[in-house]
Amino acid sequence: MENHNWTGAGSSSLKGNTGAPYINYTLVPMASHAENYKNPPGNHPSLPNYLWLEAGTNFGIYNDGTPAQDHQATHVHLVKLLENAGITWRAYDEDISGTTCPLTNSGPVDSNGNALYSVHHDPFVYFDDVTNNRSSSYAPCIQHIRPFTQLAKDLAANTVARYNFITPNLCDDMHDTCGGNAIAHGDAWLKANVPAILNSTAYRSGGVLFIVGDEGAVGDGPVPMIVLSPYAKGNRYSNTVYYTHGSMLRTVQEIFGVYPLMRNAASETDLHDLFQVFP
């Protein structure tokens, strides 16, 4: 999700917000959550945070440039480690065509004329080994980065990958108002889509769903980090441990057993305290 504090931003904070009843009165009561999960210090705008979730650093980037501007040659990033270990991965992005490797903003636009698919919310296409040096026709990229509409089918058929990264569009991730209330739009999107994940075989067989914000709208957050899993403590469990996106990356690496811990992930605290059972 995008650009909202969990706390510390007054009426635009998500915690206790009346515009987010599903988050506050359905998800939080069944989940574990963090009260002090922040974006890395000064790490703004969006793209640097998405890169951090994938690679443990922003590579010195502090803009929302396209892959043509901000692409990276390194092979040391999460999905490459997963591939090397034979672990499947997939990204589900709302409002992409599924017929090309999505290297630019595209698709329908919001009331401000912004394309609803924002490439800087899709970290994988910034890595040259994922896109074959920014080829829009590169078949492995197209196979890995799929339209969000495919997720429901894959969940029903139990063909989702082991690691799945889900990116709503600008109206559904709380980024833009889109003619209404940004928080309410995002909450409604979660209400419409999270139950299919929680009812899936993949989730019920020991899966985990992380719902996380990219960056604070006020300072560096805290931003939402909600953890749902048969292995999570749940029941409103929360802590005030300081976490960042390096914590999220470290946690995923530990879950899948892919090492070495990358860059900032090696020095951050993982999210194990939110779980009853953790690798």
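How many helices and strands does the secondary structure of the protein come to? In this predicted model, the count is 10 helices and 9 strands, and the legends below take up parts of that arrangement in turn.

**Figure 1. Overall view of the predicted protein model.** The radius of gyration of the protein is 17 Å, close to the 19 Å that the globule rule gives for 279 residues, so the protein is as compact as a globular protein of that length. Taken along the principal axes, the C-alpha atoms fill a box of roughly 45 × 45 × 40 Å. Of the 279 residues, 57% count as buried, and the accessible surface comes to about 11000 Å², with 51% of it belonging to carbon and sulfur atoms. Among the contacts with a separation of 6 or more, residues 24 or more positions apart account for 68%.

**Figure 2. The open sheet of 4 strands and helix α1.** The strands follow the order β7-β8-β1-β9, and their pairing is mixed. Strands β7 (209-212) and β9 (238-239) stand at the edges with a single partner strand each, so one side of each is left without a neighbour in the sheet. Between β7 and β8 (residues 225-228), which run antiparallel, there are 4 bridges, and Phe210 stands opposite Val227 in β8. Helix α1 (residues 21-30) lies across β1 (32-34), β7 and β8, and its direction makes an angle of about 55 degrees with β8.

**Figure 3. The open sheet of 3 strands.** Here the order is β5-β2-β6, and the pairing is parallel. Strands β5 (145-147) and β6 are the edge strands, each with a single partner strand, so one side of each lacks a neighbour in the sheet. On average, and with direction ignored, neighbouring strands of this sheet are turned by 25 degrees against each other. Strands β2 and β5 run parallel and are joined by 3 bridges; Tyr92 has Arg146 in β5 as its bridge partner.

**Figure 4. The largest nonpolar core and a second core apart from it.** In soluble globular proteins, nonpolar side chains tend to be buried together. The largest nonpolar core of this model has 48 residues, and those with the most contacts inside it are Tyr37, Trp89, Ile145, Tyr163, Met225 and Leu271. At least two residues of this core are supplied by each of α2 (46-55), α4 (78-84), β2 (89-93), α6 (139-144), β6 (163-167), β7, β8 and α10 (245-256), with the largest share, 5 residues, coming from α2. Leaving aside residues up to four places away in sequence, Trp89 touches Val79, Leu82, Glu83, Phe124, Val130, His144, Ile145, Ala161 and Tyr163. Apart from the largest core lies another core, of 26 residues, which includes Trp6, Ile23, Val28 and Leu228.

**Figure 5. The β3-β4 hairpin and Ser111.** Strands β3 (106-109) and β4 (115-117) pair in the antiparallel sense over 2 bridges, and the bridge partner of Val109 in β4 is Ala115. The two strands form a hairpin with 5 residues between them, and Gly113 in the turn has a positive phi of about 85 degrees. Ser111 is placed in the loop between β3 and β4 and is exposed, with a relative accessible area of 58%. Not counting residues up to four places away in sequence, Ser111 touches Cys178 and Gly179. Its C-alpha atom is separated by 8.7 Å from that of Thr177, although Ser111 and Thr177 are 66 residues apart along the chain.

Key: Residues are numbered from 1 along each chain as its sequence is written. This is a predicted model: local features need pLDDT of at least 70, side-chain atom pairs count only at pLDDT 80 or more; totals for chains, interfaces and linings use all residues. Side-chain values use heavy atoms; hydrogens and water are left out. Two strands pair if DSSP finds at least two bridges between them. Contact means heavy atoms within 4.5 Å. Axes are lines fitted to C-alpha atoms, for helices over the stretch in contact, and angles run from 0 to 180 degrees between N-to-C directions. The radius of gyration is taken over C-alpha atoms; the globule rule is 2.2 Å times the number of residues to the power 0.38. Buried means under 20% relative accessible area, exposed over 50%, partly exposed in between (1.4 Å probe, protein chains only). Accessible areas come from the Shrake-Rupley method with a 1.4 Å probe; for residues, only the protein chains shown count as cover. A nonpolar core is a set of buried Ala, Val, Leu, Ile, Met, Phe, Trp, Tyr and Cys residues joined through side-chain atoms within 4.5 Å.
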